[in-house]
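Thanks for sharing this one; here are a few notes to read alongside the structure. They are numbered so that you can reply point by point.

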Amino acid sequence: MGKRILLLGAPGAGKGTQSKRLAETYDVEHVTTGDALRANKDMETEYGTPRSFMEKGELVPDGMVNEIVEAALADADGYVLDGYPRNLSQAEYLTEITDLDAVLYLKVAEDELVERLTGRRVCSECGTNFHVKFNQPEEEGVCDECGGELVQRDDDTEETVRERLSVFEENTEPVIEHYRDEGVLVEIDGEQTPDEVFDDIEAVLDDA
C-alpha cells in the first residue's frame with residue numbers, strides 16, 4: 001500500500017504544488033475535493049448527484065463530499081489528500097474511513113499568503129500561472145507558454161483574498177487543532193522555497 005498523506009494549509013500555502021510533486025515522487029494519487037466531485041458528477045447519493053448542486057453554484061453538502069472522497073480513496077493505492085477535510089465533521093468522517101500515514105500542515109503567515117495570492121497572474125488563453133514576484137514571465141504581462149495575456153483573477157484581489165483566508169481560518173483551524181490534539185500533526189515551514197518545503201516533507205514521510 002502506498003503512502004496515505006493529508007496535506008493541510010491555507011489558500012496560497014503551496015498545497016497544490018507540493019501535492020503534485022508528492023504524487024509523482026511516491027507514485028500515489030493526488031486526490032482533491034474538486035477533482036473528485038468533477039469526476040463523479042453523476043454519482044447517485046442520498047442527497048442526489050453532485051451535478052445538481054454544482055450547476056446551480058451551490059455548496060455540495062458535507063455528506064455528499066464525504067461519499068465522493070471515500071470512493072476516490074477506496075480506488076487509490078496510496079494518495080495525497082488536498083482540500084479535504086474542510087471542517088471538523090469531515091475530519092471525523094475521514095478518521096472512520098482510512099488510516100493516515102502523515103498529517104502535514106504548511107504554515108504560512110497571513111501577510112505572506114496575501115502577497116502570494118494577490119501577485120498571481122493567470123494566462124487568459126491557456127491558464128498557466130505566473131507571479132509578479134516569485135515566478136515572472138520573460139515578458140511582463142505575456143504568457144511564456146502561448147503568448148496570451150496575463151490577468152489577475154477576480155478572486156485574487158486583496159479584499160477577496162483576505163475574505164477567503166478568514167473563511168479558511170473559521171472552518172479549517174478546528175481541523176488543524178483536531179490533528180494537533182491527536183498528536184499527529186506535523187507543521188512544515190511553508191515560507192521556505194518549494195524545494196526546501198519538499199525536502200522537509202520527505203524527511204517526515206521517510207520516518208512515517
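1. Let me start with a question: in which helix does Arg-38 lie? Arg-38 belongs to helix α2, which covers residues 33–39. Please keep in mind throughout that this is a predicted model.

2. Arg-38 is also one of the positions that UniProt, in an unreviewed entry, lists under the feature "binding site". The record's full set is Thr-33, Arg-38, Glu-58, Leu-59, Val-60, Gly-83, Tyr-84, Pro-85, Arg-86, Gln-90, Arg-153 and Arg-164. These positions span 132 residues of sequence, and they are spread in space too, with C-alpha atoms up to 28.9 Å apart.

3. From that list I would pick out Gln-90, which sits in helix α5 (residues 88–97). Is Gln-90 buried or exposed? Its relative accessibility is 3%, and the cut-off for buried is under 20%, so Gln-90 counts as buried. Leaving aside residues up to four places away in sequence, the contacts of Gln-90 are Asp-62, Val-65, Asn-66, Tyr-84 and Pro-85. Tyr-84 and Pro-85 are also among the positions in the UniProt feature.

4. Asn-66, one of the residues that Gln-90 touches, is part of helix α4 (residues 62–74). Asn-66 is buried as well, because its relative accessible area is 9%, against a limit of under 20%. With residues up to four places away in sequence set aside, Asn-66 is in contact with Tyr-84, Gln-90 and Tyr-93. Tyr-84 therefore appears in the contact lists of both Gln-90 and Asn-66.

5. Next, the sheets. One is an open sheet of 5 strands with parallel pairing, in the order β2-β3-β1-β4-β8. At its edges are β2 (29–32) and β8 (185–189), each of which pairs on one side only. From one strand to the next, the twist averages 25 degrees.

6. Within this sheet, β1 (residues 4–9) and β3 (residues 79–82) run parallel and are joined by 4 bridges. Leu-6 faces Leu-81 of β3 as its opposite number. Helix α7 (residues 158–181) packs on the sheet, where α7 touches β1, β4 (102–107) and β8. The direction of α7 makes about 135 degrees with that of β1.

7. The other sheet to look at is open too, with 3 strands in the order β6-β5-β7 and antiparallel pairing. Here the edge strands are β6 and β7 (150–151), and each pairs on one side only. The antiparallel pairing of β5 with β7 rests on 2 bridges, and Cys-123 stands opposite Leu-150 in β7.

8. Which helix lies across β5 and β6? That is α6, running at about 25 degrees to β5. Helix α6 covers residues 110–118, and its buried residues are Glu-112, Leu-113, Val-114, Arg-116, Leu-117 and Thr-118. These buried residues pack against β5 (120–123), β6 (129–131) and α7.

9. Finally, the interior. The largest nonpolar core has 47 residues, and those with the most contacts inside it are Leu-8, Leu-22, Leu-81, Tyr-179 and Ile-201. Helix α7 gives the most to this core, with 6 residues. Leu-22 is a good place to begin browsing: beyond residues up to four places away in sequence, Leu-22 touches Leu-7, Asp-27, Val-28, Val-80, Phe-198, Ile-201 and Leu-205.

Notes
Residues numbered from 1 in each chain as written. Predicted model: local features only at pLDDT ≥ 70, side-chain atom pairs only at ≥ 80, totals over all residues. Heavy atoms only, no water. UniProt positions renumbered as here; feature names shortened; annotations may be inferred. Buried < 20%, exposed > 50% of the residue type's maximum accessible area, 1.4 Å probe, protein only. Contact = heavy atoms within 4.5 Å. Pairing = 2+ DSSP bridges. Axes fitted to C-alpha atoms, helices over the stretch in contact; angles between N-to-C directions. Core = buried A, V, L, I, M, F, W, Y, C linked by side-chain atoms within 4.5 Å.
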